[in-house]
Every structure is written in structure tokens, then in C-alpha cells.
There are 2 protein chains.
Amino acid sequence: MSSLVEVARAAGVAVSTASRVLNGSSHPISAATRARVIAAAERLGYSPSALARALVSRSSRLLGVLVSDIVNPYFSVIARGVDDVATRAGYVTMLSNVDRRTATEINRLQTMRNYRAAGVIFAGSGYVDDPEAPTLVKAVRQAQEQGIHAVSLTVRDLGCPVITADSQAAAYDITDHLVSLGHRRIAFIEGPPGMIATHQRREGFLACMSDADLAETARCIPGGFDYEAGHAATMRLIARPPLPDAIIAANDEAAVGALNALRQARIDVPGEISVAGIDDLRVAQFVGLTTVSLPLYEMGAMAARHILDTAPGADTGDATTTILSHRLIPRETTARRSS
Amino acid sequence: MSSLVEVARAAGVAVSTASRVLNGSSHPISAATRARVIAAAERLGYSPSALARALVSRSSRLLGVLVSDIVNPYFSVIARGVDDVATRAGYVTMLSNVDRRTATEINRLQTMRNYRAAGVIFAGSGYVDDPEAPTLVKAVRQAQEQGIHAVSLTVRDLGCPVITADSQAAAYDITDHLVSLGHRRIAFIEGPPGMIATHQRREGFLACMSDADLAETARCIPGGFDYEAGHAATMRLIARPPLPDAIIAANDEAAVGALNALRQARIDVPGEISVAGIDDLRVAQFVGLTTVSLPLYEMGAMAARHILDTAPGADTGDATTTILSHRLIPRETTARRSS
DNA sequence: GGTCGGAGCTGCAACGATTAGGCAAACGTT
DNA sequence: AACGTTTGCCTAATCGTTGCAGCTCCGACC
């Protein structure tokens, strides 16, 4: 109900005239007609169909973002960056949670393709040696050929531009910070097995330890990106002495888990041991966690901007990788250690 | 590119045949033709236009959710509930951040109306005596007349069904818990001024205090829903002795702020003072905060289900209010007090 | 006074998909 | 050979919007 046709009829004008009034074309319209159309639209509660408009204009003004889990603050900050840019440009954000499953990612990408999204932003990290990766890459290519932009927010071979922070450098920097504070035996709690992000952060840690000639005292233990994993990993660390000088968790949430495990074991932080994370989520501020701030909001915002600014037909510039800078945030969970 | 027409041409069949193959009509199709069409669709990377389909089927399979800020875990949990149900039903979630601004809320509602969303979920709380409320209510009514369902997740006079937790009862219950632990002088850190949610939670607190004959020792101080507000309010509390026996913050994040202010002032929790929050966000678990668990995920999920299950034309059942139950979660920031 | 030009409006095709009805082959059966 | 059934074609309409081509006035200019 209340289509343009009805507005036109109510105003006693042709459909095309109503159309031109309601979205200001350059075509001249008399003030009287204009007023009549506007009044009719108002009276009927006219709502222009973005669907029909999208069909003819070949632009849906829809923007897709694929996150692992929007409840995870890492992703919600990204989503916020995306949505702010999208909204300001008159676009609407389509959100999908893919729970780190490549198959779901493929499925949701296809769906967003069906909606003729202007672009799709991949916020989640991929897996090393993912058997489904080729299928995803193919789906991305098909979408691109159709004029749908794809942007990945993590280093990942999707055949699309990457806008990201340097996870590896972030891990390197936080490690370097601990080293420069005098820590020697540093343990690294890894992310979930198989993820590219896990790999990168561990490599950053190991590279720094190696550069500092501390490769022997570097210790990597399996963990995860959540509180429970950080907690459990730290418990294991405590159970098998000697305790390291410092613990770096693969992300902030795991670091908070580590912090709590240490507190429960009555091990003083940062007196006996320093703890650091990566991401600088809001919770890091709450618990005074030393961490590395990743430009998550900017990543989302810039990805959205890239999609909206690049002409639909234009070359997506497949190979480009943009690295946004991170920043060390020293707080209270790390302290200098006199060796 | 790659419309149904092209698939049909590539397969050497009529468009209607291709259509029937690709979305299984009752019309009989030979296996050979079917295979040929599917192969052609596959080869061309055919992606059925959800836009065109929505236009003719009069169902966009789009579901809108309006949150204040997706970064706020309160809302991201709701959004997750919505998206899970939507995705399972083959719908796509449209997300918008409205930053607690009614004007933006109206604007985004109109936009989702333009996209012919099956429904729009209002997750944010409104304001008391909001001058823009009537405009919003009118917009909601127009949307409903158009067959778009609206659901509010907070008690709010939008003229649409409400699916919510009883904020006031939650506040009452957490207060009662503290009272039953022996606390007498309890301070309540309020939410942001003017919000309906703020009002409800304060009323719950006051009602319980009154019921316990503790109205005189009840103390309400202005605060907010964020860490900084909780921190600042607690600082003010500390600056003006006597310190209460317990602090209840309007939500968990403010409670964490309170916790940190107390720690900085070297006031032992729960030894000298108990602290509690409301919401049971993930951070509450991290810091061992006693709180009330609100069924946020279920609210989102149930709202989405309501929208998808109710026939587009059917009566929305405007007046109904569904209350989902909350649950007290005692943790380590509250303790019995011998008086 | 005829033509030009522009203002102001109309009508039509197109976007991509769905659906229904009518019809025509091809095929097997009797 | 007559018959029914299967299978697929074609045509037309529909959804709501847009943009283009064209039409009709009317005043102005030479």
C-alpha cells in the first residue's frame, strides 16, 4: 500500500511527476504541483521502496559485514565503525555472525550477494590450510565480478583488499615492552589453534624473543581468545613451575582470565609477574591491563569508506594491503623487574 | 550480469522453466533439463536477486534492529539473539546504532520501512517526557499499517508489543539480596538522567528499601550506565562519609567503575562494602560481581521469532507485554554483614 | 504571424524475478 | 491410430521506481 502510483493518483499527476517531486530531479516542476504531491505523500504516509529503487538504480545501498560473533567486543567495535560510515552515507548495514565457520561465511556472503550489497566486509580471521578456503575465495571472486566489493580486515588470501592492523607487529611490540622492562622468561598464551591470527601473534612474540636472544626462555602454551582459555592456560602455567616473569596473552580477554587465575593463586601482579594483552578492549581499561591498542574502529570505518568511495565498476585494487598503526598502552599489570 | 534470463538462455530453456528448477515448484521437470539449468546457473555464478524477489513476493526477508550502541555488550547480546533467529529463518539482520537519540531512531525506522523490513526491533530505552516520542509513535503506527511488525524490548509506549525483562523487579531483587545479607545503608548509583530504564531501576531499588523499612537510609546518587559514571559517583560517595554498607549500580559497567574507585581508595570489597550491579554482562563474571542476570539474548531471539512467526497481515497484538524472568547471580563482591 | 524554446507534464520501457494459463511437442500405451 | 501423460515453451501481468522521449501549451522574438 501507498506506492508512488497511489501518491500520484491522489495528487492527480503522473507517476513520473510524483517521482521527480519526491526525490528532487533537475526537471522543473511548478510549485503548485510540487506542493500537491508532497501533501499527498504526507497524507498517505508514503514510504519509497528501497527495494524497487535498488532494482532500477542498480544500487541497493546495503553494506554487509561478517563477524565471528558480535558479542565479542573486538567485532562490535569494528561493526560500529562500519555502521557509522554506512549510515552517514545513507547506507544500511547488514550484519551476520559466522561463528568462525568458513562454510557459514560462504553462505552469508552468497546471501549478501543476493541482496546486491555494495560490499562485504570480512572481519573474522581465517584458518591456515582451511579446506574450504578455495570455495570462499571463489565466492569472493564471483561477487567481485558482479561489482560487489570485498574487504578483509585480517591478512587472509581472499583476493580482496586488506585493511588491517599488524597483529604480528603488535605482538612484537608488547613483547619488546616487557623485555625492555627487564623480563626474561616470558610465556605466551596462544589463541585458538589453526587460526591465522593465532599464528601471527605467536610469530610476533617469538620474533621479538629471538631478536632479544631470549628464544630459549620463550614459552608458548595453547590457549584461546576467551576468558576461560586464558584462565585455564595460566592455571597450567602455575601448576608447572617455574613461573615465568611475565605472561602475554593472545588477546585481552584471555589476559583477564590469566589475571584472575593469578589472583586466585595469590600471585601478585605486577609484583611477581607482569601480564599483558593485545587489542585494548574496554575491559583492559577496567582491569588496568597493559596492552596494545588496535585500530578496530578505524579498520571498520575505513573498510566501509573504501567500499562506498570506490565506484561499483572500478577495479577493486585486489592486491593492496593497508596497515593501520597500533599503539602500546602501558597500564598497571606490568612493572619493571630488576634482574 | 547473470540474471535468470541469462541462465535460461545458457541452458537453452525458457525463463519460467529455469525459475521452476531453481526454486523447486510443483511443476514437473525432467532430470535432464533440471541438470542443464543447474549446470548453467553454476557456470554463470548465478545469484538470484533478493531485491527483485522481494518486490514480487512482497517479503524482503530483512529484519531490522535498532540499538543504542552495538559496542555496548547489553545490546550486542540482544543483537546476537535477533540475528541467530533471523539467520535460521533465512532472514538477514539490518543493524542500526541510534546513540539514544529519538530523532535518529525515527530516521532509521523510516529507512528500514523503506526496505520493507519484516519487522523492526527497538532495543534501546526511551526517555520520560520525550518531546519527540509522539513522532516516533506515529512512525511506528505507519509502519505497522504497512505490515511491518514492531517490537520493543523495553517498557515504552510505542504502540507495539513489548518483550522485556522486568528491570524494576531486577533492581528490587538485587536490593533485597543485599538487605537480606544484613546491609542497611545502601546507595544506588542511578543511570543517565531522563531515561525510562533509569527511572525503573531506581524505583525498584526504592520500593525494596521502603518495603524493608530502610527508606531513610536509602541514598540515590546520579550516575550513568558507563564505567566513568560509576567511578565518579563512587568517588563522590567516598568523599562524603559515612560510606554506605553497600552500593548498587544501575548496571554492571557502572558497578565495575565503582569497584575500581573503591579499590583505589583502599576500601575492601566485600569486607567493608558490598557492590552489586544489574545485567550480568560478561565483565561481571570477570570481576566476580554480584548482579542480576537479564535474559537479553532471549529477548532478542523472542522478538525476532515473534516478528517472523506472526503473519505479515495479522494483528500485531499491540497491547501485549511479555516479561522474561531474570535471575540473581551472587558472586564475590557481596558478603553477609553482621550488624 | 509563424516558429522557436522552454516550462511542465505524461507515457513507456526497463530493472529481475515470479506465477499462471494456454498450448505444443514427444512419448508410451492400448 | 487414438489417447493420455509428461514436459517444456511462450505470453502476459505484477511488484515500485526511474529516466528518457515526447507532447502540449504559452510567451517571445524576428
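These are my notes on how two chains relate and on one sheet in chain A.

**Ground rules.** I am working from a predicted model, where local features need pLDDT of at least 70, side-chain atom pairs count only at pLDDT 80 or more, and totals for chains, interfaces and linings use all residues. Residues count from 1 along each chain as its sequence is written, chains are lettered from A and ligands numbered from 1 in the order written, and side-chain values use heavy atoms, with hydrogens and water left out.

**The two copies.** I laid chain A on chain B (least squares on C-alpha atoms of residues with pLDDT of at least 70 in both) and got an RMSD of 0.2 Å, with a turn of 180° and a shift of 0.1 Å along the axis. That is how a two-fold axis relates copies. In chain A, Met94(A) has the C-alpha nearest the axis, 2.2 Å from it.

**The sheet.** I found an open sheet of four strands in chain A, ordered β7-β6-β8-β9 with parallel pairing. Strands are DSSP runs of E, at least two residues, and helices are runs of H or I, at least four, numbered from the N terminus; two strands pair if DSSP finds at least two bridges between them. The edges are β7 (219-221) and β9 (274-276) of chain A, each pairing on one side only.

I then checked β8 (residues 246-249) of chain A: three bridges join this strand to β9(A), running parallel. Ile247(A) sits opposite Val275(A) of β9(A).
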